[in-house]
Amino acid sequence: MNIAIVCQNVVCTAGHGRVNYHVARKAAEQGHQVFVLSDSIAPDLPTRPNVSWVHIDVQKWPTQLVKDQVFAWRSKRWIRDNRPDLDLVMTTGFVTWAPTDICMVQFVHNSWIRSPHHSWRTQGGLVGAYQYLYSYLNAHFEKRVFREAASLVAVSHAIRDELIHLGLPDRKISVVHNGVDLDEFYPGIEDRSRLGLPADVPLALFAGDIRTSRKNLDTVLRALVNVPDVHLAVAGTTDGSPYPDLARKLALLDRVHFLGFRTDLPSLMRAADFFVFPSRYEACALVLVEAIASGLPVITAQATGGAEIIEPECGIRINDANDVDALSQAMRELASTPQGLSSMSRSSREAAR
């Protein structure tokens, strides 16, 4: 088959870009001809047999909103010109104006814009207005994609429910959880000093975009105040983030280690004792699967997309993502039971497998 995979960034560092990377690689290994339409791509992918990179450069355009529209238009033109030779076009949400055969749904903007934690409600000002416009337009465009796609692949049951709420027929929706590379993410022992982290202390890890409140680092920091022995490593870009200031106000800077944007997440996971990620809205957090593959017990929230994979043997699910006391108790429980952590680590790895 000739397959076109359309995704603005097909890279291994985060989110649906990583998923598309693995789908493209596996399809090529199975003998399919894969055309990757993207602005950026993992360096090894174009060198693989059966993979062709169609570079759609949108870097010179201002704002992500404009980049998205330029990419959608240019990818549509390429697909239109090459459609007779293509058997399948696969996209992730709204990314192109071309008709889609399979749409992988990693996020539903219509649900996010209704959340009380959306940036336009929590930040206000020009930043909030821009975030509202971005979400509103994406919610509008993606509904069209969802309706026209021949098949929808939801990456969690929560996403499936959101699609049905939008009026999409159940018969065209499949649920396929995000997978994980077990050779990249695996249990082990890392030298914390090499990573700039303290040794011989209980260490939790948080990873994600910390420039907005969606990932819920604020509740994690407030909970950490009540667990004085635990240190927290935070992987995420600090530019424009309010959380270093919050950590300072909470007198936590000696125990919270802001690491900035990192590409060595597997190593960070092997250095930590457990992973904490009570996101307020998530479709299916790939990072949860990566954490359990690394043998990390996980603390998350019931509403976090993908939380259904975290059984009691693998970690703790709190009912309310904003419950500081429940989050404090969960961290206290994991930090104080080394034997329990060891048992959960084995169960986490097996669940990921």
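Which residue in strand 13 is the bridge partner of Leu-205? I shall come to that residue after introducing the model.

This is a predicted model, in which local features need pLDDT of at least 70, side-chain atom pairs count only at pLDDT 80 or more, and totals for chains, interfaces and linings use all residues. Residues are numbered from 1 along each chain as its sequence is written, and side-chain values use heavy atoms, leaving out hydrogens and water. Helices (H or I, at least four residues) and strands (E, at least two) are DSSP runs, numbered from the N terminus.

Let me begin with one open sheet of seven strands, ordered 5-3-1-6-7-8-9 with parallel pairing; pairing requires at least two DSSP bridges between two strands. Strand 5 (51-55) and strand 9 (173-175) are at the edges with a single partner strand each, so one side of each has no neighbour in the sheet. Within this sheet, strand 6 (residues 88-92) runs parallel to strand 7 (residues 102-105), joined by three bridges. Here Thr-91 stands opposite Cys-103 of strand 7.

I turn now to an open sheet of six strands, also described by parallel pairing, in the order 12-11-10-13-14-15. Its edges are strand 12 (256-260) and strand 15 (315-318); each has a single partner strand, so one side of each is left without a neighbour in the sheet.

Strand 10 (residues 203-207) pairs in the parallel sense with strand 13 (residues 274-277) over two bridges. To return to the opening question, the bridge partner of Leu-205 in strand 13 is Phe-275.
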